[in-house]
Amino acid sequence: MATVLVVDDMAVFREPIAAALRFRGIHTLCAEDGLDALRQLENETPDLILLDVAMPRMDGLALLCALRQDRRHKDIAVILLTAISDRDHIIKAGKLGVRDYMLKSRFSLDEMFARIDRHID
C-alpha cells in the first residue's frame, strides 16, 4: 500500500485531501508545516509528499531543502499543491526536484489522483 504525506497548514485543505486519499485506499499521514513533517518522517517514510509552500515555522521550500540534504529522504517524490504561482518559487522547487506542481485554485481530485499514480510505483 502506498503512503502519502499531506503537508499543509490549513486544515480546510489538508483534511479533505487526506480523507479522499484514505477513501481511495492510500495510507495517509498529515503534517501542519515543515517541522511537523520532519517529525513524521522520523517514524515513517512516505512514497510521496503533497506539499504546500506558504506555511508558518518551516515553509515548503525549506522542507524541500531539508529533504534533499537527507540521504534517507532525498528521493521521496514531492508534488507541490499550493496557492503560490510565483515563477521564482516554481523554478526553485524545480531545482529541488519537485516532480509536479498543482495550484489549489485549479486542481481536482481526479487530477490529483492521476498525478499521484504517475509518481508512485
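This note comments on a helix pair, the cysteines and one alanine in a predicted model.

1. Two packed helices are described by the angle between their axes and the distance between the axes. In this model, helix α1 spans residues 11-23 and helix α5 spans residues 109-119. Their axes come within 12 Å and cross at roughly 60°. Helix α1 is therefore oblique to α5, because an angle of that kind falls outside the ranges for roughly parallel (under 35 degrees), roughly antiparallel (over 145) and roughly perpendicular (65 to 115).

2. The handedness of this pair can also be stated: α1 and α5 make a right-handed crossing.

3. Which residues of α1 meet α5? On the α1 side they are Ile17, Ala20 and Leu21, and their partners in α5 are Leu109, Met112, Phe113 and Ile116. Sorted by class, this contact has seven nonpolar residues, with no polar and no charged ones.

4. The structure contains zero disulfides. As regards exposure, Cys30 has a relative accessible area of 17%, so Cys30 falls under the 20% limit and counts as buried. Cys65 has a relative accessible area of 25% and is partly exposed, because that value lies between the limits of 20% and 50%.

5. Ala66 belongs to helix α3, which covers residues 60-69. Is Ala66 buried or partly exposed? Its relative accessibility is 24%, so Ala66 counts as partly exposed.

6. Ala66 may also be considered together with Gly34. These two residues are 32 residues apart along the chain, and their C-alpha atoms are separated by 9.2 Å.

Conventions. Residues are numbered from 1 along each chain as its sequence is written. This is a predicted model: local features need pLDDT of at least 70, side-chain atom pairs count only at pLDDT 80 or more; totals for chains, interfaces and linings use all residues. Side-chain values use heavy atoms; hydrogens and water are left out. Axes are lines fitted to C-alpha atoms, for helices over the stretch in contact, and angles run from 0 to 180 degrees between N-to-C directions. Helices (H or I, at least four residues) and strands (E, at least two) are DSSP runs, numbered from the N terminus. A crossing is left-handed if the near helix is turned anticlockwise from the far one by less than a right angle, and right-handed if clockwise. Contact means heavy atoms within 4.5 Å. Ala, Val, Leu, Ile, Met, Phe, Trp, Tyr, Cys and Pro count as nonpolar, Asp, Glu, Lys and Arg as charged, and the others, Gly among them, as polar. A disulfide is a pair of cysteine sulfur atoms within 2.5 Å. Buried means under 20% relative accessible area, exposed over 50%, partly exposed in between (1.4 Å probe, protein chains only).
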